[in-house]
Amino acid sequence: MESSFKKQLEEYKEFWGERFFFLDNYSRFIKRGNPLPSWSSSDIDDFIASDPVHGASLKTVREAANFGLTGSLIGAVSTAGVAWKYSRSLHGTALSFVAGGAFGWTFGHEVANHWLQLYRLDRTGAQVKFMEWWEKKCEGRS
């Protein structure tokens with residue numbers, strides 16, 4: 001009985017491992033003995049200036065976050081405003097605010113994907129290169 005459970009568990013791990021293969025890129029940074037120190041916006045700017053290929057990709061990805069934030073703000077305020085106007089229900093307005101923010105964030109990222117042509121960039125590769133750069137920089141400090 002136990003061996004069939006282990007077999008089923010391994011199949012389950014393999015199934016989800018195929019779907020979340022991109023997490024392997026980050027596993028060496030996540031499963032470290034001592035975690036990497038946090039970085040600031042100026043550290044990211046230093047990386048962008050030092051790496052012309054991956055830095056440009058990372059800069060574009062950071063710009064895309066602004067699209068998501070703007071979409072989230074517009075979605076949250078507009079849906080909450082409509083909910084408050086027609087229902088005068090505090091809990092309904094709060095739920096509309098949260099849902100509108102989530103939908104706006106998603107829509108903003110979709111707009112950024114097309115506007116900034118993110119589908120052409122290796123976003124994961126740029127983030128991994130930044131993590132490698134940060135790891136080397138932090139080891140140099142020690």
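This section describes the nonpolar core and the salt bridges of a predicted model.

The largest nonpolar core comprises 13 residues. Among its members, F29, L36, I44, L58, F130, M131 and W134 touch the most other residues of the core. Two or more residues are contributed by each of three helices, namely α2 (24-30), α3 (41-50) and α6 (123-141). Of the elements involved, α6 makes the greatest contribution, with six residues. The surroundings of I44 illustrate how this core is connected to other parts of the chain: when residues up to four places away in sequence are left aside, I44 is in contact with W39, L58, R62 and F130. Of these partners, L58 and F130 are, like I44, among the core residues that touch the most other members, while R62 also takes part in a salt bridge.

Four salt bridges are present in the structure. In one of them, the side chain of R62 meets that of D45, with an N to O distance of 3.2 Å. Because R62 belongs to helix α4 (residues 52-87) and D45 to helix α3, this pair ties together parts of the chain that lie 17 residues apart in sequence. Both partners are partly exposed: the relative accessibility of R62 is 32%, and that of D45 is 39%.

A further salt bridge is formed between the side chains of D46 and K137, at 3.7 Å from N to O. Here D46 is located in helix α3 and K137 in helix α6, so the pair links parts that are 91 residues apart in sequence. With a relative accessibility of 38%, D46 is classed as partly exposed; K137, at 29%, falls into the partly exposed class as well. The two helices bridged by this pair are also among the elements that give two or more residues to the nonpolar core.

Helix α6 additionally holds a salt bridge between K129 and E132, whose side chains meet at 3.7 Å, N to O. These two residues are three positions apart in helix α6, which means that about one helical turn separates them. K129 is partly exposed, at 36% relative accessibility. Beyond the individual pairs, salt bridges with shared partners join D43, D46 and K137 into one network. In general, side chains of opposite charge can pair when their charged atoms come close.

How values were computed: Residues are numbered from 1 along each chain as its sequence is written. This is a predicted model: local features need pLDDT of at least 70, side-chain atom pairs count only at pLDDT 80 or more; totals for chains, interfaces and linings use all residues. Side-chain values use heavy atoms; hydrogens and water are left out. A nonpolar core is a set of buried Ala, Val, Leu, Ile, Met, Phe, Trp, Tyr and Cys residues joined through side-chain atoms within 4.5 Å. Buried means under 20% relative accessible area, exposed over 50%, partly exposed in between (1.4 Å probe, protein chains only). Helices (H or I, at least four residues) and strands (E, at least two) are DSSP runs, numbered from the N terminus. Contact means heavy atoms within 4.5 Å.
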